[in-house]
Amino acid sequence: MAEENLHVSPTPLDLHAVTHGELLALMEELGQPAFRAKQIEDWVWNKGASSPDEMTNLPKALREALSERVAPLGAEEVARQVSADGSRKYLLRFGDGAAVECVGMPSGSKLSVCVSTQAGCAMGCAFCATGQYGLNRSLTSGEIYEQVMHVRNDFNTRVTSVVFMGQGEPFANYDATLKALRKLNDPAALNIGARHLTVSTCGLIPQILRFANEPEQFTLAVSLHSTVQKTRNALMPGVKRFSLVHLYAALGEYVDKTGRRPTYEYALIGGINDTEEEIDSLCDFCRGTLCHVNLIQLNEVSGSPFKPSTPEKAQEFLKRLERVGVEATIRNSRGADIDAACGQLRQRILK
Ligand code: SAH
Ligand code: SF4
């Protein structure tokens with residue numbers, strides 16, 4: 001092919017990823033005043049525009065020039081389910097076909113959003129629909145942020161908290177997760193208080209320690225599910241290499257460093273992690289430490305042999321933990337009627 005016929009299209013610009021400086025340089029290149037950069041940022045981070053066409057306070061010529069350069073911002077909604085309790089669960093698809101779930105959970109004047117950090121997950125937890133599917137790819141910080149915007153726009157109200165508890169392991173995608181947390185916290189963007197931004201991890205120790213050193217007061221949740229090593233290895237094979245002894249020490253370090261109370265997630269599975277030995281062990285793990293235990297009703301995943309524990313068992317866990325001075329709650333499962341557990345909508349729609 002003659003060289004002059006070779007046309008290489010420039011890589012589309014990701015407006016979620018450009019820095020303010022890069023945007024200023026682009027404005028200069030396009031012969032635009034500097035304040036246009038701020039206007040564009042406002043559309044991207046506050047107004048949730050999905051393309052430059054929607055940026056109505058920009059001159060038409062700039063909108064057209066941007067349209068030729070930038071990658072689509074929004075995600076396509078592939079499916080949604082609405083729960084009797086008002087929760088809405090969305091399946092969103094990005095440009096390359098990667099699909100993830102996010103959920104909006106209203107409560108009075110509050111709106112809580114649950115986001116995914118990866119399409120799929122490599123950790124392979126035995127009770128988790130996403131774990132069965134494996135990892136497709138990690139999301140960018142913009143794609144994580146975009147889920148919050150999608151829910152906000154759909155409910156047309158302010159988001160008061162975000163939990164990183166959708167698909168994927170946030171700490172296996174640490175940099176994008178942190179960047180998204182900072183943007184959600186940014187007063188010039190969604191301005192959500194750091195304490196109202198919670199990251200849930202299956203227990204990646206190096207990242208827990210790194211998180212302890214971040215200056216913001218983000219909240220940490222750790223998926224424990226068992227404090228008996230053999231049971232935990234079977235339920236959560238992806239974190240076998242991080243033993244409970246080391247996890248215990250890392251959490252101690254986290255608390256010393258931050259003074260903040262981590263949440264421990266414990267999904268009760270009948271006959272597996274709700275035995276006498278398991279209750280004793282959990283009490284020993286938590287006794288005398290700063291923590292809050294969330295006892296979760298297991299969501300049944302189709303094709304999985306695991307069944308939730310009885311409500312009586314959950315009450316027994318609660319009582320026994322309280323007896324040794326450990327704060328615990330039984331978390332009422334939101335959206336139980338809409339495949340609310342991690343990965344279930346995706347599993348049903350995309351297979
Ligand atoms: N990967 C991270 C965050 C996403 S999972 C983590 O594992 O912590 C969010 C929470 O949902 C975790 O506590 C996870 O253990 C839990 N979970 C996964 N499958 C579940 C199911 N079938 N029933 C109840 N909780 C489940
Ligand atoms: Fe991944 Fe969390 Fe599911 Fe485990 S529970 S497979 S870490 S998403």
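The following exercises, each with a worked solution, concern a predicted model.

Local features require pLDDT of at least 70 and side-chain atom pairs count only at pLDDT 80 or more, while totals for chains, interfaces and linings use all residues. Residues are numbered from 1 along each chain as its sequence is written, chains are lettered from A and ligands numbered from 1 in the order in which they are written, and side-chain values use heavy atoms, with hydrogens and water left out.

**Exercise 1. Characterise the surroundings of ligand 1.**

Solution.

Step 1. Identify the shell, where a residue is near a molecule if one of its heavy atoms lies within 4 Å of it. Ligand 1 has 18 residues around it, and Gly168, Ser200, Ser223, His225 and Asn299 come nearest.

Step 2. Sort the shell by class; Ala, Val, Leu, Ile, Met, Phe, Trp, Tyr, Cys and Pro count as nonpolar, Asp, Glu, Lys and Arg as charged, and the others, Gly among them, as polar. The shell of ligand 1 comprises nine nonpolar, seven polar and two charged residues.

Step 3. Examine N and O atoms at the ligand, given that a polar contact is a pair of N or O atoms within 3.5 Å; within protein, one must be able to donate a hydrogen and the other to accept it, and residues adjacent in sequence count only if both atoms are side-chain atoms. A backbone N or O atom of Gly168 is 2.9 Å from a nitrogen atom of ligand 1. For Phe127, a backbone N or O atom is 3.0 Å from a nitrogen atom of ligand 1. Ser223 places a polar side-chain atom 2.6 Å from an oxygen atom of the ligand.

Step 4. Determine the burial of the ligand. Ligand 1 taken alone exposes 530 Å², of which the protein buries 94%; accessible areas come from the Shrake-Rupley method with a 1.4 Å probe, and for residues only the protein chains shown count as cover.

**Exercise 2. Describe the shell of ligand 2 and the state of the cysteines.**

Solution.

Step 1. List the neighbours. Nine residues surround ligand 2, with Cys121, Met123, Cys125, Cys128 and Gly131 coming nearest.

Step 2. Classify them. The shell of ligand 2 has six nonpolar, three polar and no charged residues.

Step 3. Search for disulfides, each being a pair of cysteine sulfur atoms within 2.5 Å. The structure holds zero disulfides. Cys283 is in no disulfide, and the nearest cysteine sulfur, that of Cys286, is 7.4 Å away.

Step 4. Assign accessibility: buried means under 20% relative accessible area, exposed over 50%, and partly exposed in between (1.4 Å probe, protein chains only). Cys283 has a relative accessible area of 5% and is therefore buried. Cys128, at 14%, counts as buried.

**Exercise 3. Analyse selected salt bridges and the environment of their partners.**

Solution.

Step 1. Apply the criterion, a side-chain nitrogen of Lys or Arg within 4 Å of a carboxyl oxygen of Asp or Glu. The structure holds 21 salt bridges.

Step 2. Consider Asp154 and Arg80, whose side chains meet in a salt bridge at 3.0 Å, N to O. This pair links distant parts of the chain, 74 residues apart: Asp154 is in helix H5 (residues 141-155) and Arg80 in strand S1 (residues 76-82). Such helices (H or I, at least four residues) and strands (E, at least two) are DSSP runs, numbered from the N terminus. Asp154 is partly exposed at 27%, as is Arg80 at 37%.

Step 3. Consider Arg320 and Asp280, joined by a salt bridge of 2.5 Å, N to O. Arg320 belongs to helix H11 (residues 311-323) and Asp280 to helix H10 (residues 276-286), 40 residues apart. Arg320 counts as buried because its relative accessibility is 17%, whereas Asp280 is partly exposed at 37%.

Step 4. Connect bridges through shared partners. Glu77, Arg80, Arg88 and Asp154 form one network in this way.

**Exercise 4. Locate two asparagines with positive phi and state their accessibility.**

Solution.

Step 1. Treat Asn156. Its phi is near 55°, a positive value in a residue other than glycine. Asn156 is in the loop between H5 and strand S7 (161-164), and counts as exposed at 68% relative accessibility.

Step 2. Treat Asn191. Although not a glycine, Asn191 has a positive phi of about 60°. The loop between helix H6 (174-185) and strand S8 (197-201) contains Asn191, which is partly exposed at 40%.
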